[in-house]
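Biologist: I should like to go through this structure with you, from its charged pairs to its hairpins and its domains. Please give the reasoning behind each reply.

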Amino acid sequence: MSRVGKKPIIVPSGVEVTMNGNVVTVKGPKGTLTKEFNSELTIKKVENEIVVERPNDLPAVRAIHGTTRALLNNMILGVSQGFRKTLNLVGVGYRAAAKGKGLELALGYSHPVIIDEVPGIAFTVEKNTTIHIDGIEKDVVGQVAADIRAKRAPEPYKGKGVKYSDEVVRRKEGKKS
């Protein structure tokens, strides 16, 4: 059996989980999330725990067992705590500024890079070189962070670019003369 799939999910206080067949709605202090899961799995609520069970050991069902449990856990964590990714801008003249609900980035191009507002995502700029991306959906937060990083990925010689705060850029030695 899946090690991840058989672990129960503890529902913290202040979070309300409602199930209508295979559609799960999670309400918490940060917002509401709704997701439809595979109908082959059974999702049960026992007191303040949620358990995901599978009817058989077919490979297709086994493959989605742990994934379903992880998605449910991320929904509960998102509405109770939220998710955050932090990006750092490294380089001379690289800076960020909040522009409405979006971002304006100076990344060494001849024009500013504009990041439009994303529903459910909040941008916070700290010291012109640190961007915090906050939201309740883990996959959306990660995708927005990856999209911003892709505008100017860190290069290996000087380390200039947009990088995650916990990312280590492997540096290369320059040309020898």
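Biologist: Is Asp 57 buried or exposed?

Modeller: The model is a predicted one, and the accessibility is computed from it. Asp 57 has a relative accessibility of 53%. The cut-off for the upper class is over 50%, so Asp 57 counts as exposed.

Biologist: With which residue does Asp 57 form a salt bridge?

Modeller: Side chains of opposite charge can pair when their charged atoms come close. The closest N and O atoms of Asp 57 and its partner are 2.9 Å apart, and the criterion is a distance within 4 Å. The partner is buried, with a relative accessible area of 13%, whereas Asp 57 is exposed. The residue is Arg 54.

Biologist: How many residues apart in sequence are the parts that Arg 149 and Glu 167 tie together?

Modeller: The side chains of Arg 149 and Glu 167 meet in a salt bridge, at 2.7 Å from N to O. Arg 149 belongs to helix 2 (residues 138–150), while Glu 167 is in the segment after strand 13 (161–164). Both are partly exposed, Arg 149 at 22% and Glu 167 at 21%. The pair therefore ties together parts whose separation in sequence is 18 residues.

Biologist: Which residue forms a salt bridge with Glu 53?

Modeller: Glu 53 is partly exposed, with a relative accessible area of 32%. Its partner is also partly exposed, at 41%. The closest N and O atoms of the pair are 3.1 Å apart, and the structure holds six salt bridges. The partner of Glu 53 is Lys 44.

Biologist: In the hairpin of strand 5 and strand 6, which residue takes a positive phi?

Modeller: Strand 5 (residues 42–46) and strand 6 (residues 49–53) run antiparallel and are joined by five bridges. Within this pairing, Lys 45 stands opposite Ile 50. Two residues lie between the strands. The positive phi, near 55 degrees, belongs to Glu 47.

Biologist: Which residue in the turn between strand 11 and strand 12 has a positive phi?

Modeller: Six bridges pair strand 11 (residues 121–126) with strand 12 (residues 130–135) in the antiparallel sense. Glu 126 stands opposite Thr 130 in strand 12. The hairpin has three residues between its strands, and the one with a positive phi of about 55 degrees is Lys 127.

Biologist: What area is buried between domain 1 and domain 2?

Modeller: The domain assignment gives domain 1 as 9–81 and domain 2 as 83–164, and their C-alpha centres lie 31 Å apart. Eight residues of domain 1 are in contact with four residues of domain 2. Carbon and sulfur atoms give 71% of the buried area, which is about 460 Å².

Biologist: Which residues of domain 1 lose the most area to domain 2?

Modeller: Three residues together account for 69% of what the side of domain 1 buries. They are Leu 33, Asn 74 and Gly 78.

Biologist: Which elements each supply at least two residues of the side of domain 1 that touches domain 2?

Modeller: Between domain 1 and domain 2 the count of salt bridges is zero. The rule likewise finds zero residue pairs in polar contact across this interface, with both residues required to be at pLDDT 80 or more. On the side of domain 1, the elements that each supply at least two residues are strand 4 (31–36) and helix 1 (59–80).

Note on methods:
Residues numbered from 1 in each chain as written. Predicted model: local features only at pLDDT ≥ 70, side-chain atom pairs only at ≥ 80, totals over all residues. Heavy atoms only, no water. Pairing = 2+ DSSP bridges. Helix = DSSP H or I, 4+ residues; strand = E, 2+ residues; numbered from the N terminus. Buried < 20%, exposed > 50% of the residue type's maximum accessible area, 1.4 Å probe, protein only. Domains from an automatic or database assignment. Contact = heavy atoms within 4.5 Å. Buried area = accessible area lost by both parts, 1.4 Å probe. Polar contact = N/O pair within 3.5 Å; in protein donor to acceptor, adjacent residues only side chain to side chain.
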